[in-house]
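Work through the exercises below with the structure open. Each task is followed by a solution in steps.

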Amino acid sequence: MDKHSAPGPQEPNAMIGPGHSFNSVTDKISSIVLREGAPRGWWIGFGIGFVLTNMMLVSLIYLFARGTGIWGVNIPVGWGFAIINFVWWIGIGHAGTLISAILLLLRQEWRTSINRFAEAMTLFAVACAGIFPVIHTGRPWLAYWLFPYPNTMGLWPNFRSPLIWDVFAVSTYASVSLLFWYVGLIPDMATLRDRTVKIIPKRIYGVLSLGWRGSVRHWHRYETAYLLLAGLSTPLVVSVHTIVSFDFAVSITPGWHATIFPPYFVAGAVFAGFAMVLTIAIPLRRVYELQDFVTAQHLDYMARVMLATGLIVGYGYLTEAFMAWYSANPYETFMMSNRMTGPYAPVYWLLITCNILSIQALWFEKVRATPIGLFIVAMFVNVGMWLERFIIVATSLHRDFLPSSWAMYAGTVWDWSLFIGTLGFFVSLLFLFIRFLPMISIFEMKTMVPEAEVREDLL
Amino acid sequence: MAQVFKPAANTIAKLAVFGGAFFLALAVWSLNEFNRSQYMTRTKVAREQPVPFSHKHHNAELGIDCRYCHTSVETSAFAGIPPTQTCMNCHSQIWKDSPMLEPVRASFASNRSLEWVRVHDLPDFVYFNHSIHIHKGIGCVSCHGRVDQMNLTWQQSPLQMEWCLNCHRNPAAAVRPREEVFNMAWKAENQEELGARLVKAYNIESRDDCSVCHR
């Protein structure tokens, strides 16, 4: 409250660079969209994404033609890359929801400049995630069977199965995230409508902004709707990955059947998500010179969230190991010793290096203040979180209760091409978003400039 | 600055929103109706056969029992399609020169089966057993309809899974005394009371889990 009563609009505000006004914020952000043509870097980035997206499409078509036999999955490892990639992608989305919903409700002002592209990232990550459960069913053209609809078979889906909870969790998540993102975009699209001179973009932004005129009544209703949506999204931050973890925890497989799974998965999701937000934010602010909006302070805060959630994930790893020993269950104990010293031990220790050791660098303020250092740590975490899901899926299954069926698991060329293809799909969507929509919320950024400060001494 | 949209745009926008919801509902409803339509299930469409065999004539008018031709209905999964010899039991004496029966005689002479067109075709992954249904008191007519009134045979029931399950979930609505199973015209006076009693008496434990039919 001190901050508000203190007079003087020139007070330094770490959340936005000095010297900005309403006009300069709008100019800066909308010019990225409204400029003639895209910069060369955009074309290169989008081009790479586009090529990889096509690789994804080829992999999908070959999959539909030949079936899941082109993948590395078999008995005993019946869950492979499809589940690993699904959990990885859906986890990444969580940072967007946390930033947009929970940080809004907690009135964390630093969310303002990162929420828009973090939400976009959520949507695109969910789009990538959504591909995998559908195609891993083997007959994706019957995927609508997952939904309860009045069918001629007289059947409902099996409501006792966590896999059907997944369908609801993920589809709710996707629709609420889309709505939240779109509602946030409405005033900004009206700004673009008013700023662009060409008639076709004017029409498109005009339709998308739903007749927004920025009247007081509009704003009044808008703020209410936005808060309500934030309230709706808040439980999703914890519920979605909790239910994803149930896919594992509800089974009786050693290494999966653990009560730590829901909180451990949620922390892992936010951890992975913030790593991805940093991975995107650091190059973006540099290429588009947005250091005034995504400041060093923002990077510092995100690094702190990453460190905190990473430590929770580390605690999860410790608990898994402790419970394997403490339970005195020979199968649990074997699973854990196999994980740490068995054929997949290098992967396990690489995961520990990426997820636990690498983030210790974030204790140092110097690392948090160096974008390139942060970027490297974030990349480690991106890889580490994928390896974590690989370890969870593969080590619990490949040596199951029946030693005669033990086998090794590895992805085939098609597994990898599909996974890398979805990375390209994600990148393409992100580049399209940057080109056609304001990547930072203009109207919310304006609340950060000194002009917007409420001078209570003048009231 | 010129206006981007004409005033009519407001109406169009509202129409698009409500129209979208309406069209979605319409699409779901029509798909539902379409999947259960006669076009999809091919019910009540009489099939052309190599010989225009009439169940009405043979069963209702002449009084031949179902089991005279469908011999294995009480003992096996498949009710049985009669061999040409069964036809010739009578038709070597009656209508033996009828041109309509020429394919039957040809089949008998050449020892090659008549190729009847299948009317009731369940999906291949469904195991249906006639004998258990007969023994638990499900009448022919319950699934096949009044075959004794059909000249050319058609499929009476949709044979969709919800149709199977309707009965499996509530067999009391269809069960009848065993001695009336082959009686096409029989009707219960009080099905509710009789059904409940027979379900107990016949020890009917109707199953509706997947592996009952999808083995």
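**Exercise 1: a helix pair in chain A**

In this predicted model, H6(A) and H8(A) are roughly antiparallel to each other. Task: show which angle leads to this label, and describe the contact of H6(A) with H8(A) by residue class.

Solution.
- Step 1. Locate the pair: helix H6 covers residues 162-195 of chain A, and helix H8 covers residues 216-249 of chain A.
- Step 2. Take the geometry: the two helices pack at an angle of about 150°, and their axes are 9 Å apart.
- Step 3. Apply the cut-off: angles over 145 degrees count as roughly antiparallel. H6(A) and H8(A) are therefore given that label.
- Step 4. Add the handedness: H6(A) and H8(A) cross in a left-handed sense.
- Step 5. Sort the contact by class: 19 residues are nonpolar, four are polar and two are charged.

**Exercise 2: the shape of chain B**

Task: state how the radius of gyration of chain B stands against that of a compact globule of 215 residues.

Solution.
- Step 1. List the secondary structure: chain B has eleven helices and zero strands.
- Step 2. Set the two radii side by side: the globule would have a value near 17 Å, whereas chain B has 25 Å.
- Step 3. Look at the extent: the C-alpha trace of chain B spans about 95 × 50 × 35 Å along its principal axes.
- Step 4. Check burial: 14% of the 215 residues in chain B are buried.
- Step 5. Check contact range: of the contacts in chain B between residues at least 6 apart in sequence, 72% join residues at least 24 apart.

**Exercise 3: where the chains touch**

Task: find which helix of chain A gives the most to the side that touches chain B.

Solution.
- Step 1. Count both sides: nine residues of chain A are in contact with ten residues of chain B.
- Step 2. Name the helix: H7 (residues 199-208) of chain A gives the most, with three residues.
- Step 3. Divide this side of chain A by class: three residues are nonpolar, three polar and three charged.

**Exercise 4: backbone exceptions**

Task: is B:Asn111 buried or exposed? Place B:Asn203 and A:Pro76 in their loops as well.

Solution.
- Step 1. B:Asn111 has phi near 60°, a positive value in a residue other than glycine. B:Asn111 lies in the loop between helices H6 (102-110) and H7 (130-135) of chain B.
- Step 2. A residue with 12 or fewer other C-beta atoms within 10 Å is exposed. B:Asn111 has 9, so B:Asn111 is exposed.
- Step 3. B:Asn203, also not a glycine, has a positive phi of about 55°. B:Asn203 sits in the loop between helices H10 (191-201) and H11 (210-213) of chain B. With 7 C-beta neighbours inside 10 Å, B:Asn203 is exposed.
- Step 4. The peptide bond from A:Ile75 to A:Pro76 is cis, with omega near 10°. A:Pro76 belongs to the loop between helices H3 (40-66) and H4 (81-105) of chain A.

Notes. Residues are numbered from 1 along each chain as its sequence is written. Chains are lettered from A and ligands numbered from 1 in the order in which they are written. This is a predicted model: local features need pLDDT of at least 70, side-chain atom pairs count only at pLDDT 80 or more; totals for chains, interfaces and linings use all residues. Axes are lines fitted to C-alpha atoms, for helices over the stretch in contact, and angles run from 0 to 180 degrees between N-to-C directions. Helices (H or I, at least four residues) and strands (E, at least two) are DSSP runs, numbered from the N terminus. Angles under 35 degrees count as roughly parallel, over 145 as roughly antiparallel, 65 to 115 as roughly perpendicular and the rest as oblique. A crossing is left-handed if the near helix is turned anticlockwise from the far one by less than a right angle, and right-handed if clockwise. Ala, Val, Leu, Ile, Met, Phe, Trp, Tyr, Cys and Pro count as nonpolar, Asp, Glu, Lys and Arg as charged, and the others, Gly among them, as polar. The radius of gyration is taken over C-alpha atoms; the globule rule is 2.2 Å times the number of residues to the power 0.38. A residue is buried if 20 or more other C-beta atoms lie within 10 Å of its own, exposed if 12 or fewer, and partly exposed in between; C-beta atoms are placed from the backbone. Two residues are in contact if their C-beta atoms, placed from the backbone, lie within 7 Å.
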